[in-house]
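Work through the exercises below with the sequence and the model open. Each task is followed by a solution in steps.

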Amino acid sequence: MADKQDVKNTLNLPQTSFSMKAALAQKEPEMILKWQTIGLYDKILKKREGRPPFVLHDGPPYANGHIHLGTALNKLLKDFIVKTKSMQGFLAPYVPGWDCHGLPIEIHVDKLLGDKKKDMSLIEVRDECRKYAMKFIDIQREEFTRLGVMGEWNEPYLTMNPEYEGEVLRFLAAFFASGNAYKGKRPVHWCLHCKTALAEAEIEYKDHKSPSVYVRFPMVSDMSKKYPALAGKKTYVIIWTTTPWTLPANMAIAFHPESEYAAAEMNGEVYILAKRLLPIVAEELGFKEFKVLAEFHGRELEGLKARHPWIDRESVFVLADYVTLEDGTGCVHTAPGHGYDDYMTGMAYGIEIYAPVDDEGKFVPGVERYAGMTVFKANRPIMDDMKTAGSLLKESEITHSYPHCWRCKHPVIFRATEQWFISLDVAGLRSKALDEIRKVTWIPYWGQERIATMVAGRPDWCISRQRSWGIPIPAFTCEDCGNGSRTRPSSAALRIFFPGKVPTPGSRKAPVSSCRLEQSARPAGGPGSSRRMTSWTSGSNPAPATISSASGTTCLGRPTSTSKATTSTGAGSKARS
């Protein structure tokens, strides 16, 4: 009988050097190092030369921290696809990238600098932002590589590279040349915490508690001539809103032209509202009985006026197709400075785009009673004052979907500010985009309808931001009158900041100014010598020029030293709820 210790030597077992333990923590870095040493990625591309290409465009992460589960999953899924296509015989290069600009980086740098930032110049702050972004590009590159993701890690695309910035400005110059780029005052999403405009893509919708109020506006126009039953009656229009803080900016009340409205007597006073909503609103407000004295269509109310509940100002009656009878009263409180639909209506009727709120979300000094209050905190005193005055018919609280800043997670507001926009309808840009959408194969198929609907209905694209760290908008303004809304950056000016990187889009002519004073009295220095390049920062004075003067042109060498305004890939705004 064989010795117990020698039994294993009597078995015909396979021999292998493969370790019994995976030891991945040690083996994976060794394997990745081997791939890098032998240049595996380059060898794969070499092997696939001449084959059909497959290119996955990398939507870049922000260079503002270590990778997390979300960024890791995103990058690994892309790596699966690229490697699969490569194994299927495609030439599948992968160029990773990083978004190096904007709020996500600047907000972290602000925290790191603390009070020291107050004593720093904009150029110094931008240098700190660049260093911060570069630090995390190196960190994330190492972390993604550790996950086994292969690509051109030594030559990624960075949005802060001069070549990339120059390309963005080349296209911006083309938008100016085609007339699509313009500066205008219109409502945009505004974050009170970050003090900047936001694009639709930077908005998250979450449940939010808001006040729900029914407010009455006393009639100024006499309706008794057309409707004798109203003679001698105190008549009011009832509006409903979830944003009492916008009432100081009320300029109009909107009605649907084809909807039926009624003037109904309740508790001895007459109220105008949609006929279909009359029983619902009466019950909501606690009126047990009502008597209809007159009926009319919304179009018959156009041009009439009511008085603001507490401000010595009239509110004009306007017509709008977006007015619905799904909720409220069918009479829509309209503040052109605080909502996109409101703004469009205001423009159609020539109403002032009034938004008495500053960058911090506080009412400006001219707003009686509430100056200096943050808008959300002003809701309570506004409601209390209306209750005391008798104009508040009911208040309650509702939970509804409300826009929030994607970065700080705070609720945002709609606020009319002067910003730079790309028009989607000039030169047929919207229709061209829709045509291109139809040429794409969408997976899943319903993605086409979803994005086509978004593009068809979205407002103009807000491209400016009130930040220090980003690609500048090189807008020229007149030193004498400040008019620059119709000027455009010249290719020559762009080349000063991005030498050799900005081809001329069309004409080589100097920027055309809209300033009459400049056109009639240009100095001997030549076209443009009385203008200066300014930073664009809503709500503040322009920063000193960094290029152009009568004595010559100076370049500071850093493209981000010219302007606070930045371009964005986001969208515009939606109507205020």
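**Exercise 1. Nonpolar cores**

Task: Find which residues have the most contacts inside the largest nonpolar core, and list what Phe-296 is in contact with, leaving aside its neighbours within four places in sequence.

Solution. The model is predicted. Step 1: the largest nonpolar core has 66 residues, and Phe-255 and Phe-296 have the most contacts inside it. Step 2: with neighbours within four places in sequence left aside, Phe-296 is in contact with Met-223, Tyr-227, Ser-259, Glu-260, Tyr-261, Ala-262, Ala-263, Ile-272 and Leu-301. Step 3: a second, separate core has 23 residues, among them Ala-63, Ala-92, Phe-136 and Met-160.

**Exercise 2. The sheet**

Task: Give the strand order of the open sheet of six strands, and explain why one side of strand 10 and of strand 14 is left without a neighbour in the sheet.

Solution. Step 1: the order is 10-8-9-6-5-14, and the pairing is mixed. Step 2: strand 10 (291-297) and strand 14 (392-405) stand at the edges and each has a single partner strand, so one side of each lacks a neighbour in the sheet. Step 3: from one strand to the next, the twist averages 25°. Step 4: strand 8 (residues 260-266) and strand 9 (residues 269-274) run antiparallel and are joined by six bridges. Met-266 has Glu-269 in strand 9 as its bridge partner. Step 5: helix 9 (residues 375-389) lies across strand 5 (203-218) and strand 14, and runs at about 165° to strand 14.

**Exercise 3. A charged residue**

Task: Place Arg-48 among the helices, and decide which side chain of opposite charge is nearest to Arg-48.

Solution. Step 1: the loop between helix 2 (40-47) and helix 3 (69-87) holds Arg-48. Step 2: Arg-48 is buried, yet has no salt bridge. The nearest side chain of opposite charge is that of Glu-49, 11 Å away, whereas a salt bridge requires the charged atoms to be within 4 Å. Step 3: beyond four places in sequence, Arg-48 is in contact with Ser-86, Met-87, Gly-89, Phe-90 and Leu-91.

**Exercise 4. A loop threonine**

Task: Is Thr-159 buried or exposed? Which residues does Thr-159 touch, not counting residues up to four places away in sequence?

Solution. Step 1: Thr-159 lies in the loop between strand 2 (157-158) and helix 6 (162-178). Step 2: the relative accessibility of Thr-159 is 7%, so Thr-159 counts as buried; the cut-off is under 20%. Step 3: Thr-159 and Asp-99 are 60 residues apart along the chain, but their C-alpha atoms are separated by 5.5 Å. Step 4: not counting residues up to four places away in sequence, Thr-159 touches Trp-98, Asp-99, Cys-100, His-101, Tyr-164, Glu-165 and Ile-471.

Notes. Residues numbered from 1 in each chain as written. Predicted model: local features only at pLDDT ≥ 70, side-chain atom pairs only at ≥ 80, totals over all residues. Heavy atoms only, no water. Core = buried A, V, L, I, M, F, W, Y, C linked by side-chain atoms within 4.5 Å. Buried < 20%, exposed > 50% of the residue type's maximum accessible area, 1.4 Å probe, protein only. Contact = heavy atoms within 4.5 Å. Helix = DSSP H or I, 4+ residues; strand = E, 2+ residues; numbered from the N terminus. Lys, Arg positive; Asp, Glu negative; His and termini not counted. Pairing = 2+ DSSP bridges. Axes fitted to C-alpha atoms, helices over the stretch in contact; angles between N-to-C directions.
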